[in-house]
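Biologist: I would like to learn how to read domains, contacts and backbone features in a model. Could you walk me through one?

Modeller: Gladly; let us put it on the screen.

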Amino acid sequence: MIELLKQKKKRTNGIKHCEIGWQSKLLSNSTYYRPCESQVLRLDTTIFETSRGTRMVHDRPDGRNPNQLRPLVCARGLLHRADGSARWSQDNTIVIAAVYGPKAISGRRENPARAVLEVIWKPKMGMAGPSEREAEFILKRTLEYIVLTAMHPNTAISVIIQVVSDDGGALSCAMNAACSALVDAGIPLKGLIAAVTCAVDKDGVIYLDPINKEEKEFHGHACLVFPGKPMSSFAPAGLALDSEPIERGIVTSVTKGILSAEDYLNCLERSRAASVKIAEFARSSLEKAQRGVELVVAS
Amino acid sequence: MEDVSSRGLHFQLSDSQRNRLRKSRELLREAPGNYHPSAFVNIADPIHVENEATVLKGHGTQVLDGQLLATLSGVVERVDQLVTVKPLRCRYNAETGDVVVGRITEVGTKRWKVDINFRQDVHLMLSAVNLPGGIQRRRTVIDELNMRSLFEENDLISAEVQSVHSDGSVHLHTRSLKYGKLTNGQLVKVPPYLVKRLKQHFHNLKSCAVDMIIGCNGYIWICAAVDSLPSNPEIEKITGDSGAPEMDSCNESISLKVRENICRLANSIRVLSALGFLIYPDTIIDTFDASISKGVAIKDMLGAEFLVMIAEREASRRTKNNYML
């Protein structure tokens, strides 16, 4: 019944009005229902409208608003024995990716037409189990899409992901790190990718880049991977929206939990916008790394 | 700036040294001869060309929607109609005619597998080596059984790339007297993109009595010059004057002075690679002479002070004389 009341609430400016309005409605009701503390409108939450009606947005433990990403840091070339390496951190979620290859491979695994991509996921603690295998498979399929494997037949490209600390969104962090490491290794790619995680709570409010606590509390979350550039080498020509060429494709989508179809489409929209920011950041960090990678690369 | 650590060499720099290194880096960045910032491109960046149809698309490029995009992140190189993207850091790419230094990893049927820091192990066919005695004949079964007498596992050889096949496999050959097994020296590994293809890869430094082979794959071999070794009359008797030298796997004893020279040269190469400078014989000799003239002990050559000094020397030389490497 409280949900019904909330749905009928119109958008108001101040918190005070809401409270009064709510209470007055309550008093007029014949059966008296005292809401418990957790359901009372807190002074520091806001109400906003979505297509489904007004929603209450819960405060995030780290004080971000729902559309805000965590601060991103990317470092390249940290492991000198690996052909390419990158460390991608989103606040407390830190992942290191190392790329070895293309290198020789023998036996039944070798493919005479293309390079074989293998991914190894090492969790922070404990042995690798089925969830790690799943992450490896997802990463492999995503990276196979961007790596030009036909250029190096009879070889193997190994990507090793080491989770240094996981505070939510480790899979998308790993995707971004793996992409940066592949660029660092000088392996030819079709384009870059940008991965975002977003969580949806039971009211349909979307929170970008959730931390571990939020991922567990909310109904469902999705890890979505988009191509890096709007006009990239993925989409076939001719896809346009309002005569403006926009990349409408998605590379990978991994969802966990309960998401309605509408929630999922909202997630897609929101994440696409966020992925543009991440792609810009990755590109600018790459340019900085190019300037400083060698002292002199004279002709 | 953190401590300079490049390719495994760690340098602890004091604050003043860090400042000096940073200044040298700035000078070098502005010095003529560098790539213009507009030449750098990232993956999926469009490359500006006049007419896309007439341009030859080289490595690192792809065409989409009539636009030339980069598949690698690096520098755009244009030679006439050929447009390629050269990545700043990548594994060694073997080309026909490259002189390489490699290590035998496996002895197989009629071939050896050699490790040359390439994507795959490359092959050295039995028919592509010189038989002892220099005779040209068909390789028989006995030759196959005696492959180990020529090259064994973990031997170092110098060879030339004979051919690169479409499936990525590479074949080497040692069909010249100057190629073959390497002894009496030290191997230095540098990143392969620091070594350019030159006319001469075999260098003889008479003043130091040292031979140097700069392999295109980043393996550099420094050894005592052949003339400086005590001559072995038995070997001369066996081989005669037209045959290949006897593949002797024992290292002979070398004098202390020559050994010091070898170590000093090796360290100058390591310093140059730590700074990211291109490896040319001139720069190596220059660093070598600088270390001698400044009286730097061989073990101090891998220290922070020498590193900063070499960076400063290069920066001053570039900016002063418009010196293009």
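Modeller: Let us begin with two parts of one chain: 20 residues of domain 1 of chain B are in contact (heavy atoms within 4.5 Å) with 25 residues of domain 3 of chain B. Before going on, note that this is a predicted model, where local features need pLDDT of at least 70 and side-chain atom pairs count only at pLDDT 80 or more, while totals for chains, interfaces and linings use all residues. Side-chain values use heavy atoms, with hydrogens and water left out; residues are numbered from 1 along each chain as its sequence is written, and chains are lettered from A and ligands numbered from 1 in the order in which they are written.

Biologist: Which residues make up the domains of chain B?

Modeller: Domain bounds come from an automatic or database domain assignment. Here domain 1 takes 1-34 + 184-325, domain 2 takes 41-87 and domain 3 takes 89-181.

Biologist: How do I read the area that domain 1 and domain 3 of chain B bury between them?

Modeller: Buried area is the accessible area (1.4 Å probe) that two parts lose on being put together, summed over both. For this pair in chain B it is about 1,900 Å², with 66% on carbon and sulfur atoms.

Biologist: How many salt bridges does the rule find across that interface?

Modeller: The rule asks for a side-chain nitrogen of Lys or Arg within 4 Å of a carboxyl oxygen of Asp or Glu. It finds one across the interface of domain 1 and domain 3 of chain B. As for salt bridges by name, D98(B) forms one with R197(B), and their closest N and O atoms are 2.6 Å apart.

Biologist: What does the domain 1 side that touches domain 3 of chain B have, by class?

Modeller: Ala, Val, Leu, Ile, Met, Phe, Trp, Tyr, Cys and Pro count as nonpolar, Asp, Glu, Lys and Arg as charged, and the others, Gly among them, as polar. That side has 12 nonpolar, five polar and three charged residues.

Biologist: How many salt bridges are there over all chains?

Modeller: The structure holds 18. Among them, R283(A) pairs with D45(B), the closest N and O atoms being 2.7 Å apart. This pair crosses between chains, from helix α6 (residues 261-292) of chain A to the loop between β3 (40-41) and β4 (56-57) of chain B. Helices (H or I, at least four residues) and strands (E, at least two) are DSSP runs, numbered from the N terminus.

Biologist: What should I look for in the backbone?

Modeller: Most residues other than glycine have a negative phi, and most peptide bonds are trans. In chain A, the bond from G101(A) to P102(A) is cis, with omega near -5°, and P102(A) sits in strand β5 (residues 93-104). In chain B, D80(B) has a positive phi, near 55°, and lies in the loop between β7 (74-79) and β8 (82-87).
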